[in-house]
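Got the model open in your viewer? Here is a walk through it, one selection at a time.

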Amino acid sequence: MDFDLSFEHQTLRDSARRFVENELPRNKVLKWVSDKEEPPRELFTKMAELGVYNFLMPPEYSGLDQTDPIGLVVFVQELARASPAICTIYGRSAVILGPTIAALGTKAQKDAIVPNIIDGKYVMALGLTEPDAGSDAASIKTKAVEQPDGSFLINGSKQYTTQIASADWLILIARSDPDKEKHEGLTAFLIENPGKHPNIEHHRLDTMGLSVAPTYTVSIKDLKVTPDQILGERGKGWQAVLRSLDMERLYHGAIGVGASQFIVDEVVDYLNQRIAFGRPLARQQAIRHKLVDMQMSIDAARLMTYRAAAKLAAGQECHREASMAKLSGAETYMRVANTGLQLMGGYGYCVESGMPMHFTDAKLFEIGGGAMEIQRNIIAKEMGL
Ligand SMILES: Cc1cc2nc3c(=O)[nH]c(=O)nc-3n(C[C@H](O)[C@H](O)[C@H](O)COP(=O)(O)OP(=O)(O)OC[C@H]3O[C@@H](n4cnc5c(N)ncnc54)[C@H](O)[C@@H]3O)c2cc1C
């Protein structure tokens, strides 16, 4: 058992940290947050030069001998120090949808999309959740009805479709075979430029955090798609969704760990300098104990995240470990954001400290991509309960 990063992963961590320091200074990120603006595309093309869209891609696209979930965890922890929301934009392309298209797409689909994802050029959106299908995601009602010419006509509503307005591609999950069992009648479709499509209407939701990755309600009316837009096989849409779930949980865990570590580092610096009652606040035992507890939770979450990454790297099944990584990363992040803000006092309440952004972003990771209760249900099942 080796708890040290390899030389390559240490080098990756160092270049990722330099990238974050140079390209994502706090004032720049906080301006996007207050303007509720997506970051410019150049950020992601520059990020791609680090090779970070390759981690989960097959060798013919990535040039890697094998996928690298540990590299993913190393990189995401660094990016999360600047912005967990930007991590989600990156992750939807690099972790969830890009590798799914690389695995299930036709040659034409792959050639059109995957190289552009690897170059950081494409933003991707996922239309899975619906007003009546959230945690119970397979209860999708959006219908894809086959037409006599072999095309499909799609009608329905989606909820929380993040970045649909600016996305280059949308993976839309719809019910194509209503007579089949719940999970078997779904198909995944690829839609180019969904935000500009005349048959897709979207309205931005006002969310408490994650404002640089806006999310939308979506209404789809008589959207015609052809069979060459099916991703994978008809009726196998649920399997397409399942493919990336463990990786999504893993990278959510890494976001929680990286953002939490950033908060503790900031709070330690601040309290070492902040004098009250004649000495630095960091000398107060009650405060020191809180910081120790925060750091222990982060270390535990980090170990769980690397454990899941190591199992995924070895090609082993790891539903339980991936859910634990997500659960511990997200819950640690929420607790650390709350306590960290408190320990900074009035400064923590000011936007410029960065703490309000973390406080509001943290909550998303306890809800999105499978809420904490659902992760506990998965772990319980894996425990034989
Ligand atoms: C900002 C944001 C961005 C998002 N982006 C996307 C996106 O890009 N694409 C997409 O498809 N989806 C997206 N989502 C949707 C997200 O994945 C869902 O919100 C999430 O899966 C929870 O579903 P829900 O909101 O419908 O909650 P519900 O399913 O209504 O759950 C409500 C509460 O009940 C709990 N609960 C539900 N079932 C159980 C159970 N069996 N046992 C115990 N507790 C239970 C839940 O954990 C939750 O606390 C996004 C959501 C948000 C908030």
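Select D149 and K224 and show their side chains: the two meet in a salt bridge, 3.3 Å from N to O. Bear in mind as you look that this is a predicted model. The pair links distant parts of the chain, with D149 in the loop between β2 (143–146) and β3 (152–158) and K224 in strand β7, 75 residues apart. Turn on the surface and you'll find D149 exposed, with a relative accessible area of 55%, while K224 is partly exposed at 48%.

Now add E146, D177 and R234. Salt bridges that share partners join these three into one network. If you'd like to keep hunting for such pairs, the structure holds 20 salt bridges.

Next, pick R17 and E78, another salt bridge, with 2.7 Å from N to O. R17 sits in helix α1 and E78 in helix α5, so the pair ties together parts that are 61 residues apart in sequence. Which of the two is buried? E78 is the buried one, because its relative accessibility is 6% and the cut-off for buried is under 20%. R17 counts as partly exposed at 34%.

Stay on α5 and click R81. Its salt-bridge partner is D265, and the closest N and O atoms are 3.0 Å apart. R81 belongs to helix α5 and D265 to helix α9, so this pair ties together parts that are 184 residues apart in sequence. R81 is buried, with a relative accessible area of 15%, whereas D265 is partly exposed at 29%.

From here, move to helix α10, residues 285–313. How far does α10 reach from its first C-alpha to its last? The span is 41 Å over 29 residues, close to the 42 Å expected at 1.5 Å a residue. Colour the buried residues of α10: I287, L291, M294, I298, A301, R302, T305, A308, A309 and L312. Check the spacing as you go, because residues three or four places apart on an α-helix point the same way. Then bring up the neighbours: what covers the buried residues of α10 includes α5 (69–82), α9 (245–273) and α11 (319–343). Just after α10, stop at G315, which takes a positive phi of about 75°.

Two more backbone stops, neither of them a glycine. Go to L210, where phi is near 50°, a positive value. L210 is in the loop between β6 (200–204) and β7 (216–225), and it counts as buried at 11% relative accessibility. Then jump to F277, which has a positive phi of about 55° although it is not a glycine. F277 is found in the loop between β9 (275–276) and β10 (279–280). Is F277 buried or exposed? At 78% relative accessibility, F277 counts as exposed.

For the last stop, put the surface back on and select M1, F3 and L303. Together they make a nonpolar surface patch of about 460 Å². M1 lies in the segment before α1 (7–23), and at 94% relative accessibility M1 counts as exposed. L303 brings you back to α10, which runs over residues 285–313.

Definitions and conventions
Residues are numbered from 1 along each chain as its sequence is written. This is a predicted model: local features need pLDDT of at least 70, side-chain atom pairs count only at pLDDT 80 or more; totals for chains, interfaces and linings use all residues. Side-chain values use heavy atoms; hydrogens and water are left out. Helices (H or I, at least four residues) and strands (E, at least two) are DSSP runs, numbered from the N terminus. The expected span of a helix is 1.5 Å times one less than its number of residues. Buried means under 20% relative accessible area, exposed over 50%, partly exposed in between (1.4 Å probe, protein chains only). Contact means heavy atoms within 4.5 Å. Patches are made of residues with over 30% relative accessible area and no salt bridge: like charges are joined within 9 Å, nonpolar side chains (Val, Leu, Ile, Met, Phe, Trp, Tyr) within 5 Å. Accessible areas come from the Shrake-Rupley method with a 1.4 Å probe; for residues, only the protein chains shown count as cover. A salt bridge is a side-chain nitrogen of Lys or Arg within 4 Å of a carboxyl oxygen of Asp or Glu.
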